[in-house]
Amino acid sequence: MAKIPNELIDQIRDAVNIVDVISQDVQLKRQGKNLMGHCPFHRDDTPSFAVNEQKQFFYCFSCHRSGNVFGFLQQLHNLSFPEAVQQVAEMANISLPQQYTNRAEQSVENSPKGQLIKLHDQAARLYHHILVNTEAGQQALHYLTKRGMSREMIEQFSLGFAPEQSDTEEVLLEYATGQQLDYQLLRKSGLFTEDHQGKLHDRFHGRVMYPIKNESGHVIAFSGRILAPKATANEPKYMNSPETPIFNKRRVLFNLDLAKQAARENGSLTLFEGFMDVISAYDAGVKTGIASMGTNLTEEQIRIIQRLVQQVNVCYDGDDPGQNAINRALQMFEDNAPQLTVKIIQLPGGLDPDEYVQKYGAIKFKDYLQHSQENAIEFHLRYLQRGLNLQNQDELMGYLNAALRVIAGVAEPVAQDLYLQKLAEQFNLDKQSLAKQLGAIQPTVQPARQRSHPSPARRTQWCNRPAPQPAAEPSAPTQHLASKLENAEQMLLKYYLDDEGIRTMVRGIDDFAFPDQAYQQLQREIDNCLSEHDEISTAALIDRLDDPQAKQLLAQIEAQSLNENVSDEAVNDLIRVIMDEAPLTQQINAKRAALNEAAMMNDQELTTKLATELVNLYQRQQQMKTEELN
Ligand SMILES: [Zn+2]
């Protein structure tokens with residue numbers, strides 16, 4: 001493919017604001033000159049992901065990932081550079097000339113994943129057509145309408161119908177054969193089953209089809225609900241696509257593509273148990289609804305939620321299994337995203353959201369969701385009462401003990417006092433005696449972890465689980481204290497980047513060079529950039545660096561803040577440090593390499609000689625360091 005020229009890349013990059021692009025995936029908050037958020041690339045309890053709007057680049061203080069808008073999209077969505085450029089061009093409404101898009105477009109669409117996504121989009125359209133336009137879809141359409149599904153929602157969620165299997169035709173297979181699609185592609189798609197002769201058959205038949213979309217709104221799988229179960233067959237009510245190269249159910253949340261847009265204004269997502277709940281909530285005007293595939297929430301899904309919002313509302317069914325599922329979900333949130341605010345919405349009378357909407361209507365439902373949120377402590381206190389007869393003295397005592405353990409896990413004394421008050425009122429007990437009993441429990445209960453955002457305390461030890469292990473940090477580059485030389489190099493390069501006067505000064509020194517490769521490349525590219533533009537743009541610079549180390553260095557340097565009115569002497573000092581120390585460091589490195597070689601060659605005499613020399617060099621280095629300290 002023709003390489004996209006630098007000028008066009010610059011134009012596309014400059015046409016968007018990195019903050020707008022990243023905000024689609026990460027919730028950002030302004031903090032000084034940066035915008036901060038939770039890093040989307042790993043579990044990140046304290047926001048360590050910084051976006052510098054002025055310089056149009058991002059940097060994570062924890063995993064040290066960095067880059068401009070292209071780099072962000074590349075890393076988050078696994079794109080090639082041309083694909084990222086093309087995506088940004090689309091956002092900016094810039095049409096890329098044919099010679100640059102062709103290949104890029106082809107490479108996405110013709111990639112195995114691209115083809116699978118295309119097949120799913122086509123299948124969704126086919127099933128939808130059958131549902132709304134054909135005789136075969138009549139019964140399913142009638143069923144959906146009877147369940148209160150509006151035509152608008154059928155369109156919005158592209159619902160469809162996979163007709164009953166007949167000996168003569170299998171609709172999807174026929175369609176795929178007509179399109180002359182590759183057999184291996186069909187096999188991998190999960191849309192077909194394979195018999196012992198290797199012949200393919202439609203996987204879904206006689207089912208209402210709910211397309212499952214990825215975060216960008218492409219269909220990647222289906223969930224099919226059986227329309228008329230045959231008495232003889234033992235078929236499951238819901239059947240999902242199997243895992244495929246494009247569908248990992250641990251990572252998928254139903255309706256996330258639409259919900260995340262609504263969540264951007266709203267600040268929260270609402271987690272439901274099933275697709276139908278999400279759809280009826282959507283119809284009722286609650287557009288932030290999502291559902292996991294099956295009731296058990298996964299760590300991956302929690303990470304996605306945490307990346308997008310600060311609050312999640314859990315609205316599962318009001319029946320017992322629903323309550324148990326809430327309890328499990330709470331524990332998952334507690335363990336994996338302790339800084340996320342979790343609210344529980346308990347629907348009355350054991351109803352599920354879909355039933356509630358049908359019974360009381362959309363307006364009441366929306367109102368209920370907004371005004372009937374309880375926090376995790378309130379939920380647990382209520383949850384512990386399940387199945388107990390609290391008129392019975394023993395059962396009441398058991399409950400009070402368990403409840404006090406929950407309250408003991410609350411970090412804030414004022415909140416603790418409030419729960420105690422409520423408990424006393426609820427059972428007409430003396431608050432002082434409850435407090436006394438709480439005092440007896442407290443020392444055995446681990447106090448809540450310190451959290452960066454104080455929120456209604458949620459760390460509870462009520463079920464005596466071992467405290468969760470902190471997640472392993474992502475493999476960060478080895479942390480070491482920067483040496484004096486490194487410090488000087490970084491500072492000087494930062495000044496070099498920012499200050500024309502200092503550039504002139506450095507260029508004026510004859511034999512000056514940064515001892516490190518990465519610094520040298522960065523310096524060279526700064527000079528190149530300046531020969532083409534009047535001023536340096538960090539975002540543009542990143543695109544010109546091909547050494548990943550140099551890219552990271554640039555981000556590191558940009559993340560530093562330095563004295564803006566530095567004196568010439570101070571800069572001269574930096575240069576002197578670099579020029580004085582560099583030769584010694586370089587000598588040590590060279591000597592070490594030679595020593596390794598000699599050792600490998602088993603040259604005893606040379607090894608001894610080099611080792612002695614190396615020790616001498618180390619001593620000199622040590623001496624210089626001691627002098628620095630004095
Ligand atoms: Zn990070």
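**Figure 1. Phe58 of strand E4 is paired with Gly67 in E5.** In this predicted model, Gly67 of E5 is the bridge partner of Phe58. Strand E5 covers residues 66-67, and 2 bridges join it to E4. The two strands run antiparallel. Between them lies a hairpin with 5 residues between the strands. There His64 takes a positive phi near 65°.

**Figure 2. Strand E4 also pairs with E3.** E3 spans residues 49-52 and pairs with E4 in the antiparallel sense. This pairing has 4 bridges. Asn52 stands opposite Phe57 in E4. The hairpin of E3 and E4 has 4 residues between the strands. One of the hairpin's residues, Gln56, takes a positive phi near 60°.

**Figure 3. The side chains of E4 point two ways.** Strand E4 covers residues 57-60. Phe57 and Tyr59 point one way. Phe58 and Cys60 point the other way. Are these residues buried or exposed? All four are buried. In a regular strand the side chains alternate between the two faces of the sheet.

**Figure 4. Six strands form an open sheet.** The order is E12-E14-E13-E15-E16-E17. The pairing is mixed. Which strands stand at the edges? They are E12 (253-254) and E17 (373-375). Each has a single partner strand, so one side of each is left without a neighbour in the sheet.

**Figure 5. Strand E14 pairs with E12 and with E13.** E12 and E14 run antiparallel, joined by 2 bridges. Leu253 has Ser292 of E14 as its bridge partner. E13 (residues 268-272) pairs with E14 in the parallel sense, over 3 bridges. Here Phe272 is partnered by Ala291 in E14. Strand E14 itself spans residues 289-292. Gly289 and Ala291 point one way from E14, and Ile290 and Ser292 the other way. All of these residues are buried.

**Figure 6. Strands E16 and E17 pair, and helix H17 packs on the sheet.** E16 (residues 341-345) pairs with E17 in the antiparallel sense. There are 3 bridges in this pairing. Glu374 in E17 is the bridge partner of Ile344. Helix H17 (residues 376-383) packs on the sheet and touches E16 and E17. The direction of H17 makes about 85° with that of E17.

**Figure 7. Ile290 belongs to the largest nonpolar core.** This core has 91 residues. Which members touch the most other members? They are Met209, Leu269, Val278, Ile290, Val314 and Ile407. Helix H6 (residues 112-133) gives the most to this core, with 8 residues. Leaving aside neighbours within four places in sequence, Ile290 is in contact with residues including Leu253, Phe254, Leu269, Leu271 and Val278. A second, separate core has 48 residues. Among them are Phe49, Ile502, Val506 and Ala539.

**Figure 8. Asp547 sits in a loop between two helices.** The loop lies between helix H24 (538-544) and helix H25 (548-559). Why is Asp547 called partly exposed? Asp547 is partly exposed because 14 other C-beta atoms lie within 10 Å, while a buried residue would need 20 or more and an exposed one 12 or fewer. Asp547 touches Ala518 and Gln521, not counting residues up to four places away in sequence. Ala518 is 29 residues away from Asp547 along the chain, yet their C-alpha atoms are separated by 7.3 Å.

**Figure 9. Helix H25 has buried residues along its length of 12 residues**. From its first C-alpha to its last, H25 reaches 17 Å. This is close to the 16 Å expected at 1.5 Å a residue. Its buried residues are Ala550, Lys551, Leu553, Leu554, Ala555, Ile557 and Glu558. An α-helix has 3.6 residues a turn, so residues three or four places apart point the same way.

**Figure 10. Confidence varies along the protein chain**. The average pLDDT is 82, and 89% of the residues score at least 70. Among the elements, helix H5 (residues 98-110) has the lowest mean pLDDT, 60. Strand E6 (residues 160-162) has the highest, 96. Over residues 447-481 the pLDDT is below 50. Beyond near neighbours in sequence, this stretch has 53 contacts in the model.

**Figure 11. The whole chain has 27 helices and 17 strands**. Its 630 residues are 35% buried. Among contacts between residues at least 6 apart in sequence, 63% join residues at least 24 apart.

Methods:
Residues numbered from 1 in each chain as written. Predicted model: local features only at pLDDT ≥ 70, side-chain atom pairs only at ≥ 80, totals over all residues. Pairing = 2+ DSSP bridges. Contact = placed C-beta atoms within 7 Å. Axes fitted to C-alpha atoms, helices over the stretch in contact; angles between N-to-C directions. Core = buried A, V, L, I, M, F, W, Y, C linked by C-beta atoms within 7 Å. pLDDT = per-residue confidence, 0-100. Expected span 1.5 Å × (residues − 1).
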